[in-house]
Structure formats: structure tokens, C-alpha cells
Amino acid sequence: MNLDAATAQAPPTAELKIIYQSQNFIVVDKNFDVKINSDDESDRVTVATQLAERFPDNVDDTICHKFRFVHRLDYSTSGALCIALNKKASAVAGDKFKNREVIKEYLALVRGHVSEVSITIDKPVYPNPEEGLTHMMCVADDPPVDMKTKSATTELEVLQLGMYDGEPATKVKLCPKTGRRHQLRVHCQYIGYPIVGDYTYSFRQDVKPYRMMLHSFKLTIPIPNELIDVIATDPFTTELDSKWQPLVASR
């Protein structure tokens, strides 16, 4: 079945897809444009509220937002997201992230045709200090003297060249070696290939796509006696979004 972008769009109220479940963990395929949790009562649909509706027996009233999120995804990002179901599991998984033992792979559509087969982006990042832009990150080519930067490394691999809605685009795999805020988004913008539909890092210009094209595709957490190794369905296919048209076969 061939769907256009409007049909392919999954609204925030869409059913939460479970891709892994055990006594200690749940991994969901998060919908795009959904917060993980929120203190704002007007945010009626979050991953936390979806989990509470789906798994009422796992709600923990002793903690804020009722569930232990092992890591985070941006509001606009979809894909694999891990939740621990008890304090011990949360601590073990948290250590794996802290020690950089977790393997994360993202899929993205970026603007333009990436000329290289692969790129390693090793550029520190820091919060944008400019008024009105403090929600963004910057790449530290020439940071303010008093600004503390954080190391950030991303590996990019080209998968397909193509067109998105008639404009040049490239499907890429992104592997963050560090876990900085907005790292993938600001690194892609820095090298001149911003993520399709990234409203923030296009400075509110890229508004036509129905979503930001960034997806947490593969997540591997080496938990002792419980290897979590999951894949979330690739949403960037012609079958799911006919506006994406590859020009060559997958590499």
C-alpha cells in the first residue's frame, strides 16, 4: 500500500507500539511530536500517559511522571525509547548509558545530496547564549570565552540519495558516540545537511514537511542477563511516505 505523507502521519493519540517487554524493561516505538512527560496539565498525551493507560499495573506513584525513562528523545523525534520498570533496572541501564556502552543508531532524511559515503563529525557543542535562541545548541567553532563546551561526536553513513517532495535529500544513518542535547540535529546543520522538517535548526524555515525526519532506529543496551537489542520500524520508506523517492538502491 502506498501512502502519502498526510496519511502516513501518526497523530499523538496513536496507539503506543511496544517493541520489547520484560519484567524489567519496556521499549516503545515513540510517535513523533509527543513529549516523553510533562508538568503541564494541558499536555494530555505524553509517552508517560500512554504507558499509564496501557500498563496501569506498572504505574509508580512514588516517582514524578510515574515511569522511569532510561534516556530521552526530543519531542519531534520518533523511535526506540527504553523505560525501566523498577529502581534496580533503571540504575543498571543508566550506568550503561553513562559509561557509553549503549549502541544507538538513528535514521534521518537530510536536505541535499551528501557527497561523502561517510562523515565523522567531532565537534563540541554548547547552549546558544543569544536571547530567544537559548533552547538551541551551537557547534563550538568559536565559543564565547566564558562558555563551557561539551565534546560531541557523530558518525554519519549515507544510505540512499533521493528526492523528498521534489527536492534533493539523502537518507542517512546517524550514530551518536556521545549523548548531547540536540547533538544529531546541530551536527547535521553544521555540515550543511540539516534534517528535513527541523523547524528549530532551520530557524523556522523548514515548515512544509509533516514532521522532522529523525528516527531512533536501533537500540542496544548490554544489560547483564538481558540483552536489549531492538529495531523500530523504518518510517522513511516510499511505501509509508510517497514524497520520499530514492534515486539509487540502498548502500
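## A tour from a salt-bridge network to the cysteines

Asp74, Arg185 and Asp198 are linked in a network of salt bridges. Select these three residues to begin, and keep in mind that the model you have open is predicted.

**Stop 1: the network, one pair at a time**

Show the side chains of aspartate 74 and arginine 185. They meet in a salt bridge, with N and O 3.0 Å apart. Aspartate 74 sits in the loop between β3 (68-69) and β4 (78-84), while arginine 185 belongs to helix α4 (residues 183-190), so this pair ties together parts that are 111 residues apart in sequence. Turn on the surface and look at how each partner is covered: aspartate 74 is partly exposed, with a relative accessible area of 25%, whereas arginine 185 is buried at 6%.

Now add aspartate 198. Arginine 185 forms a salt bridge with this residue too, and the closest N and O atoms are 2.8 Å apart. Here the link runs from helix α4 to the loop between α4 and β11 (214-223), and the two residues are 13 apart in the chain. Aspartate 198 is buried, with a relative accessible area of 2%.

What makes the pairing possible? Side chains of opposite charge can pair when their charged atoms come close. Across the whole model, the count comes to 14 salt bridges.

**Stop 2: lysine 66 and the aspartates**

Select lysine 66 and aspartate 61 next. This is another salt bridge, with 3.3 Å between the closest N and O atoms. Lysine 66 is partly exposed at 34% relative accessibility, and aspartate 61 is exposed at 59%.

Step back one residue to aspartate 60, in the loop between α2 (47-54) and β3. Is aspartate 60 buried or exposed? With a relative accessible area of 19%, aspartate 60 counts as buried, because the cut-off for that label is under 20%. Draw a distance from its side chain to that of threonine 62 and you will find a polar contact of 2.5 Å. Leaving aside residues up to four places away in sequence, aspartate 60 touches Lys66 and Arg68.

**Stop 3: the nonpolar cores**

From here, select Leu51, Phe69 and Leu174. Of the 44 residues in the largest nonpolar core, these three touch the most other members. In soluble globular proteins, nonpolar side chains tend to be buried together.

Centre the view on phenylalanine 69 and display its neighbours. Not counting residues up to four places away in sequence, phenylalanine 69 touches Ile36, Asn37, Val47, Ala48, Leu51, Leu81, Cys82 and Ile83. A second, separate core has 17 residues, among them Phe25, Ala80, Cys82 and Ile221.

**Stop 4: the cysteines**

Finally, colour the cysteine sulfurs. How many disulfides does the model contain? The count comes to 0.

Cysteine 64 shows why: its sulfur is 19 Å from the closest cysteine sulfur, that of cysteine 82, which is too far for a bond. Cysteine 64 is also exposed, with a relative accessible area of 55%.

Cysteine 138 is in no disulfide either; the nearest cysteine sulfur, in cysteine 188, is 16 Å away. Cysteine 138 is buried, with a relative accessible area of 17%.

Methods. Residues are numbered from 1 along each chain as its sequence is written. This is a predicted model: local features need pLDDT of at least 70, side-chain atom pairs count only at pLDDT 80 or more; totals for chains, interfaces and linings use all residues. Side-chain values use heavy atoms; hydrogens and water are left out. A salt bridge is a side-chain nitrogen of Lys or Arg within 4 Å of a carboxyl oxygen of Asp or Glu. Buried means under 20% relative accessible area, exposed over 50%, partly exposed in between (1.4 Å probe, protein chains only). Helices (H or I, at least four residues) and strands (E, at least two) are DSSP runs, numbered from the N terminus. A polar contact is a pair of N or O atoms within 3.5 Å; within protein, one must be able to donate a hydrogen and the other to accept it, and residues adjacent in sequence count only if both atoms are side-chain atoms. Contact means heavy atoms within 4.5 Å. A nonpolar core is a set of buried Ala, Val, Leu, Ile, Met, Phe, Trp, Tyr and Cys residues joined through side-chain atoms within 4.5 Å. A disulfide is a pair of cysteine sulfur atoms within 2.5 Å.
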